Amino acid sequence: MIQAVGVVVPARDEEKLLPACLASVKLAGRMVPGVAFHLIVVADTCTDRTALLAARAGATVVEGAMTNVGRARLAGTRVLLRQTRALDPATVWVATTDADTLVPPCWLSRQLRHAAQGWEAVVGTVTVTDWSGYPPPLHLAYAQSYAATPTSLTPASGGNAAARRGDGARWHPHVHGANLGVTAAAYLAVGGFGPVATGEDRALVGALESAGRRVLRTTGVSVVTSARRDPRAPDGFGHFLARLEADTVSQQVSQQ
């Protein structure tokens, strides 16, 4: 049974978007009564009011020059693990999201429901609602690209338990640090986040799966993220959108 849940949010000069993110996370925290709630914001090499706004929102603030998202998630998770060191790591849930992301009120309660079913990690999906500044066809191209599930990646069982429950959720191949949860025990068993500039989320989930940990990839846990053109992590979600836009425009030109 999960006794404590912590949410780690890396942020670099995010004073514009962070307050809304933290408000959504705190609401999600209130939806898990009886569970100790911890909110950690990692202010990574910030020159704006990110740290101040995080403190005002009641978060534990970790400041430093981590210089990349892997180190930032690692630093924030270390603080969370220190805050919950009196507990069995199997009863501590570590969730991560991003400063440009809004989580729904059910975000943590759904993750903990899966944890109660024996899942050691929950890997959710992201959606984009604001496509301002992008060509009109991009949102359709994104939906088609994101929904595509390569046959080679589909579990041999034909889908995971989420698909078989009949709750409308499906297995998916994506990994997002903006929508990820794991028990502290499983996290520690595979070495946690790596201090890398990008792909720390995929590496963690890959390590969990390779170690035989129970990992649930489900479309039933989703968050809303931004489609901004100034992404923080190299080769992350923002760069995926940039490549998709270039491909979409190229296809339009070739069809003319």
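"Partly exposed" here covers a relative accessible area between the buried limit of under 20% and the exposed limit of over 50%. Keep those cut-offs handy for this tour of a predicted model.

**Stop 1: the start of the chain**

Select Q3, which sits in the segment before β1. Q3 has a relative accessible area of 41%, so it counts as partly exposed. Show its surroundings and you'll find V35, A36, L87 and T91 touching Q3, once residues up to four places away in sequence are set aside. Now add V92: it is 89 residues from Q3 along the chain, yet their C-alpha atoms are 6.1 Å apart.

Step back to M1, also in the segment before β1 (4-11). Is M1 buried or exposed? M1 is exposed, because its relative accessible area is 88%. Keep V92 on screen, since a distance label is useful here: the C-alpha atoms of M1 and V92 are separated by 8.7 Å, with their positions 91 residues apart along the chain.

**Stop 2: the whole chain**

Zoom out and switch to cartoon. You should be able to count nine helices and eight strands. Of the 256 residues in the protein chain, 48% are buried. Turn on the surface and you're looking at about 11,700 Å² of accessible area, with 56% of it belonging to carbon and sulfur atoms. Contacts reach a long way along the sequence too: among those between residues at least 6 apart, 76% join residues at least 24 apart.

**Stop 3: the largest nonpolar core**

Hide the surface and select V7, V9, L22, V41, W93, W107 and L108. In the largest nonpolar core, which has 35 residues, these touch the most other members. Colour by element of secondary structure next: β1, α1 (18-30), β2 (36-44), β4 (92-96), α4 (107-116), β6, α5 (138-147) and β8 (215-225) each supply at least two residues of this core. Which of them gives the largest share? That is α1, with five residues.

Centre on V41 for a closer look. Beyond its neighbours within four places in sequence, V41 is in contact with V9, A11, L18, L22, A54, A59, T60, V61 and V62. There is also a second, separate core of 26 residues; A121, L180, V182 and L204 are among them.

**Stop 4: two helices with a buried face**

Pick α4 and show its side chains. W107, L108, Q111, L112, H114 and A115 are the buried ones. Look down the helix axis: the buried residues of α4 fall within an arc of 155°, so they line one face. The pattern follows from helix geometry: with 3.6 residues a turn, residues three or four places apart point the same way. Follow the chain just past α4 and you reach G118, which takes a positive phi of about 105°.

Now do the same with α8 (residues 200-210). Its buried residues are E200, D201, L204, V205 and L208. Viewed down the axis, the buried residues of α8 fall within an arc of 130°, so they too line one face of their helix. What covers them? Select α3 (69-83), β6, β7 (180-183), α7 (184-189) and β8, which are included in that cover. Just after α8, G212 takes a positive phi of about 80°.

**Stop 5: T125 and its company**

Go to strand β6 (residues 121-127) and select T125. T125 counts as buried because its relative accessibility is 6%. Which side chain makes a polar contact with the side chain of T125? It's that of S222, at 3.4 Å. Expand the selection to see what else T125 touches beyond four places in sequence: Y146, H172, H176, N179, T218, T219, V221, S222 and V223.

**Stop 6: a loop aspartate**

Jump to D100, in the loop between β4 and β5 (101-102). Despite the loop setting, D100 is buried, because its relative accessibility is 16%. Show its side chain together with that of T101: a polar contact of 3.4 Å joins the two.

**Last stop: cysteines**

Finish by selecting C21 and C46. C21 is buried, because its relative accessible area is 0%, while C46 counts as partly exposed at 24% relative accessibility. How many disulfides does the whole structure hold? A search finds zero.

Technical notes: Residues numbered from 1 in each chain as written. Predicted model: local features only at pLDDT ≥ 70, side-chain atom pairs only at ≥ 80, totals over all residues. Heavy atoms only, no water. Helix = DSSP H or I, 4+ residues; strand = E, 2+ residues; numbered from the N terminus. Buried < 20%, exposed > 50% of the residue type's maximum accessible area, 1.4 Å probe, protein only. Polar contact = N/O pair within 3.5 Å; in protein donor to acceptor, adjacent residues only side chain to side chain. Contact = heavy atoms within 4.5 Å. Areas by Shrake-Rupley, 256 points an atom, 1.4 Å probe, with all protein chains shown as cover. Core = buried A, V, L, I, M, F, W, Y, C linked by side-chain atoms within 4.5 Å. Disulfide = S-S within 2.5 Å. Arc of directions from axis to C-beta.
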